[in-house]
Amino acid sequence: MPKNYLLEIGLEEMPAHVVTKSVNQFAQRAEKFLKENRISFDSIEKFSTPRRLTILVKGIADKQTDIDVKAKGPSKKIAQDADGNWTKAAQGFARGQKMTPDDIFFEELKGVEYAYIQKHEDGKKVEDILTHMDEVITAITFPTRMRWGSYDFEYIRPIHWLVSLLDNKEVPVQVLDIKSGRMTRGHRFLGEDIEIDDAKNYVEKLKSQFVIADAKERKQIISDQIDKIAKDNDWDIDVDADLLEEVNNLVEYPTTFYGSFDKKYLEIPDEVLITSMKDNQRYFYVRDQEGNLAPYFIGVRNGNSEHIENVVRGNEKVLVARLEDADFFFKEDQKETIADYVEKLKSVNFHVKIGTMYEKMARVHQIADYLADLFGLSASEKTDLLRASDIYKFDLVTSMVDEFSELQGVMGEKYAEIMGETKGVSQAIREHYMPISSEGDLPETKVGAALAIADKLDSIITFFAVDLIPSGSNDPYALRRQAYGIIRILNQNQWSMNLDDLQDYLKANLTIPAKLDLSKHEKDVNDFMIDRVRQLLKQDKIRVDIIDAVAGGSNIDPIKMIDVAKVLQNHANDDDFKVVMEALGRIVNLSKKAKFDYSDDLTVDDALFENPSEAKLKEQVANVSDDSAEALFKQLAALRPTIDSYFDENMIMAKDEKVKNNRLTQLVIANHLIAKLGDLSKVLTK
């Protein structure tokens, strides 16, 4: 008869960000353990609070599934001697299977007879298997771990108790010196230790001790309470999903409350107030019906509503202290000019091996000057870009950003506006950090986008120049994210940027100290950027073989690579795609036999033509335009009949050296165009 199995890990309070991930992992590992041990079950329910990770396996079988096993042993000539007697090898095989030699039979496998034993294994009782659930508990991994007592064992927090029940029966499980039982702990301040009489009663038993074990139920309670406060006060509250998740994992018995602060603090920029409330204090901020920030906040208490007024006053006091600091910093920062702050950046290191933040801005100015023309920015946009590149890091040395580091860029925009900079300059200062995560928001303005690219390019080339290159999972300066951000911004704006041309410009024009050798890792930088193009194409569901082809081609302009990949993907199901790829592939393969590479002055001698197809191929190749990836593909595809005739009529490796080289020259010129699509040998065709 199916039963329910409960396993609870009781801990010191865990960091909020690990709770959900850990209980999910707990359930996944338990599911794997049960399946590997042939224990069937209906479902696994998860429960979690800051102090506990729990699974409830519903409909678990009484025992393992029985199995029939046919074990293979030694060959017959080893299992029996010349007289047909069982050898030691056969006896050992039988003994290992807990059977006798009389149970051995022979079957032929690939022309050789082998000894076999057929046996039936009855499944063990589920209780016997569940005693090994300590393997699941200790296998859970965490981003940070700690030791306690004299143990070498590491875990997210010390384990204080374990509950292991199969219906109403205790199943012994032990981790270190902690032995399981049926006693769990209620709310740290409101509840008491309580005995779980039956696994199915776990949730209700904990509720009686002020613990809402179901995280979804707890989250819904918080959401409902916030909604009620909002309706009662006619407020608009942004219930941020990440903040709600975090708050939910900080409490076991939630009670939502609201507090207030003096309206005078509303003179501080909204971003500062929101950071103080949301990021620093885990409060939900409040807006009125017009969308303006209101002098109120909503918090969640880990407890009931008794003496809630004291909780409100305490939280108000803490918040006001932070707002006082913010108000002071905001006013003090405005007593200095942007020029004052920029001067201070001369003594702020970007990186000890590279130089100061002031020197970084000087390099970014030079890169931005190049990009403005490359991307076709207007005169006013270029003016804003160059001005922004001269000052865009100034807020790093303001008191506000020193206190609230998450506001870098945000305060730069605010202070720049206050101090008279144009909208384009101030907005670019904030946008240059974007995207702040792999798939985060991108800059909205061209000036901000160009500054973001210039800043990220400088970081990549300078870190590579001093051999601080990401390897494996090690990327302390987030260069992969920055490179991917560049690719996404280029793609959003459809800006073309040839990586070789860029690096040639940087080597020739960038003012850098001698210790920064930009020539040292040119290919590594290109490969690094192309890998980020691969990442973007994977996100766009482009076929892996097409991605490999594009990445292996001659094109090193990210936008052109992306366009080509999309074109190949769009045409991959064309009826003639296979024959087109084969025809172009013949040119690619045979062009490799040439002992010379493509150059602009490579010419074909018409006087050496022996067949009409040679002249026709020359004419058609000369007319191929690479204005767009689509046009290039269609024109190359249209060459197929001519290519077929060319190879039918001509021996490429002719005995006449001049004729041979003339034909190879034709193929090299054609291959130069084909390579712009990529390495087509990597494209899989059906």
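**Exercise 1. Determine how β5 pairs with strand β6, and place this pair in its sheet.**

Step 1. Strand β5 and strand β6 (residues 112-121) run antiparallel and are joined by 6 bridges. Two strands count as paired if DSSP finds at least two bridges between them; strands (E, at least two residues) and helices (H or I, at least four residues) are DSSP runs, numbered from the N terminus. The model is predicted: local features need pLDDT of at least 70, side-chain atom pairs count only at pLDDT 80 or more, and totals for chains, interfaces and linings use all residues. Residues are numbered from 1 along each chain as its sequence is written, and side-chain values use heavy atoms, leaving out hydrogens and water.

Step 2. One bridge can be followed by residue: F106 has A115 in β6 as its partner.

Step 3. The open sheet has 3 strands in the order β4-β6-β5, with antiparallel pairing. Its edge strands, β4 (67-75) and β5 (104-109), each pair on one side only. From one strand to the next, the twist averages 40°.

Step 4. Helix α3 (residues 88-96) packs on this sheet and touches β4, β5 and β6. Contact here means heavy atoms within 4.5 Å. The direction of α3 makes about 165° with that of β4; axes are lines fitted to C-alpha atoms, for helices over the stretch in contact, and angles run from 0 to 180 degrees between N-to-C directions.

**Exercise 2. Identify the strands to which β15 is joined.**

Step 1. Strand β13 (residues 236-237) is joined to β15 (residues 284-287) by 2 bridges, and the two run antiparallel. Within β15, V286 is the bridge partner of I237.

Step 2. Strand β16 (residues 293-302) is antiparallel to β15, with 3 bridges between them. Y285 has F297 in β16 as its bridge partner.

Step 3. A hairpin is formed by β15 and β16, with 5 residues between them; in the turn, G291 has a positive phi of about 90°.

**Exercise 3. Check the length of helix α22 and describe its surroundings.**

Step 1. Helix α22 (residues 558-571) has 14 residues, so at 1.5 Å a residue it should span 20 Å; its end C-alpha atoms are 20 Å apart, which agrees. The expected span is 1.5 Å times one less than the number of residues.

Step 2. Buried residues (under 20% relative accessible area, 1.4 Å probe, protein chains only) of α22 include P558, I562, L568 and H571.

Step 3. The cover over the buried residues of α22 includes α18 (479-493), α20 (522-539) and α25 (629-637).

How values were computed
Buried < 20%, exposed > 50% of the residue type's maximum accessible area, 1.4 Å probe, protein only.
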